[in-house]
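Look at how two chains can meet, and at how two helices can pack. The report below takes these topics in turn.

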Number of protein chains: 2
Amino acid sequence: MLLSPRRVIQDTNKTISRILQGDLKILKQIGGYVVASGGKRIRPLFTYYLGRAYELDGKELVQLGALLEIVHAASLLHDDVIDEAEERRSLPTASKLHGNKAAVLAGDHLLSSGLKHLNSFKNPRYMDVFTDAIQALSAAELLQMQHHFDLKTNAAVHARVVDGKTAVLFRAAGALVAIMRGEKDFEHAETAMLGLEFGRFFQLRDDYLDYFDSARLKKKGLQDFTNGIVTRPLLHLLKAAGKAEQTAIKTAWIAGRKHTDLSDQKLVPRLMEKYGIAAQCSAELEDLQQQILTKLSALPGKAAREVITEEFQKILAVRAA
Amino acid sequence: MLLSPRRVIQDTNKTISRILQGDLKILKQIGGYVVASGGKRIRPLFTYYLGRAYELDGKELVQLGALLEIVHAASLLHDDVIDEAEERRSLPTASKLHGNKAAVLAGDHLLSSGLKHLNSFKNPRYMDVFTDAIQALSAAELLQMQHHFDLKTNAAVHARVVDGKTAVLFRAAGALVAIMRGEKDFEHAETAMLGLEFGRFFQLRDDYLDYFDSARLKKKGLQDFTNGIVTRPLLHLLKAAGKAEQTAIKTAWIAGRKHTDLSDQKLVPRLMEKYGIAAQCSAELEDLQQQILTKLSALPGKAAREVITEEFQKILAVRAA
């Protein structure tokens, strides 16, 4: 039997609530926040349908997907921690509502509760996948911090950040499926590589939308630029722009770091348009999307394959339908 | 063969360095800070000699002790995270030197690196002990936060904080030894209970010294009071004091919360003296110490038993020698 996406999300939420139960007021608030905030549960959905395409046990897939979501939530809680000097321009985060320390400790509690539950499977290979993923997540966030407001961040560093920050949990989903299928080299199995590409696409699409269609992210655009994070569109622009333009970009960048307003709010969008960066990025994304769709179409189970493909296209289409 | 305490510490530091290696600048700095800061390595020493008393494998004991120390260091990094409103009166912490976010992410990296190494033992019972401990640590810190500047914190809550915040890692050491000995109910084994008492003693002694002999902690006294944490001496004092005195304590407490100076710096020490709280607390500690010494004297291996007893008395004596 194949569950509907809606049902997978419900079961995932139930599993998360069960794993996170505890009697501390603060944990209830923050745990509730994590479950209620919902999100699209794209990691659990990916895990479930990918595994079901190979006719693996649905209950175990839901559990593993819920655990990936818990790691994701813990990493968001830790990522939201604010440095004293830092101003947050976005929506209130758990840090803002409960204080840095509560967010950090709640993240630790989430993580350890998740790992404890995972350990009940008594499968050290599962644990391998999770500890690798958590290590990669923190390393990627640290790497990104190390290159905060570093306009010289190169494509290789950016790729490492993307792989560690986002792709890693999708890759983990694919590795877990590979373990369930009995594959020895599960970290490099076909399903793990599919997860890696899926996750890369997910992050690169976000980076694209931040510059070119932020309405679909439900947030203000150009956040990566003003927050001092170099992503693919900016890398392309810096390569294409002339000397004087590069200097102007640098000035705007420094204004962002100093929390002063950009003197010319339209500078970056204008240059992006001049050099056709949106088209360049979306062509790249569509290539990647095509590769993923080809791999998805090769999955064995018809029903699961159809749902995963449909969800992928619905959630992750580069352009609005 | 029984290693000397000095050698156990050296081997522990080597193990920690090996586990934490990575190429990120920030990790090197913070990792170095953790190893260099040294500390007394009391958790690894306890683990090693307790296990060696049962003639367990010394190399494995050093590894497990080093992993407990890594969890301890990660928890310190997360515990040092500062809320914007909060002022730190003590020495510079990793948070202060590198920012909250770097400290949090470095803590995550430490923790995941440690768990990854632990997983290489392929013993889910070890993992049980560690995930339980990390969960208890974060829950206890959250509980303490929930009762921050809460003068009504009762003895039961305080006991839960002590057990979760400090005793848990010593209990874990004892549980790990029990697993190595092949005991099924390792969380409640004799060695785990010895660890629990040892850890309680460790924390209660700290709480005692904070009021009555802070020089031995190498820090300013009365930090728990001014930081809004209720410990055993204050619990005893509140019970003993008269109505008017209780009101005066409350006023001083509120001054601490508001970061204003205590109007009467000597009030609390004076009342502590008036009611003989130091003697009351040290009598309790000596009882607990006696219980621990009795248990230590029942350990089988003579050489290990002697070192663990000597170290316990050297490091943890209630009164300076």
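Two residues are in contact if their C-beta atoms, placed from the backbone, lie within 7 Å. With that rule, 100% of the interface residues of chain B are also interface residues in chain A, so the copies meet through the same surface.

This is a predicted model: local features need pLDDT of at least 70, side-chain atom pairs count only at pLDDT 80 or more, and totals for chains, interfaces and linings use all residues. Residues are numbered from 1 along each chain as its sequence is written, while chains are lettered from A and ligands numbered from 1 in the order in which they are written.

A turn of 180° and a shift of 0.0 Å along the axis lay chain B on chain A with an RMSD of 0.0 Å (least squares on the C-alpha atoms of residues with pLDDT of at least 70 in both). The two copies are thus related as by a two-fold rotation axis.

Now the interface. Chain A gives 38 residues to the contact, and chain B gives 38 residues. On the side of chain B that touches chain A, α7(B) has the largest share, 14 residues. Helices here are DSSP runs (H or I, at least four residues), numbered from the N terminus. These elements of chain B each give two or more residues to that side:

| Element of chain B | Residues |
|---|---|
| α2 | 25–37 |
| α6 | 100–119 |
| α7 | 124–146 |

Next, one helix pair. L115(B), L118(B) and N119(B) of α6(B) meet Y126(B), M127(B) and F130(B) of α7(B).
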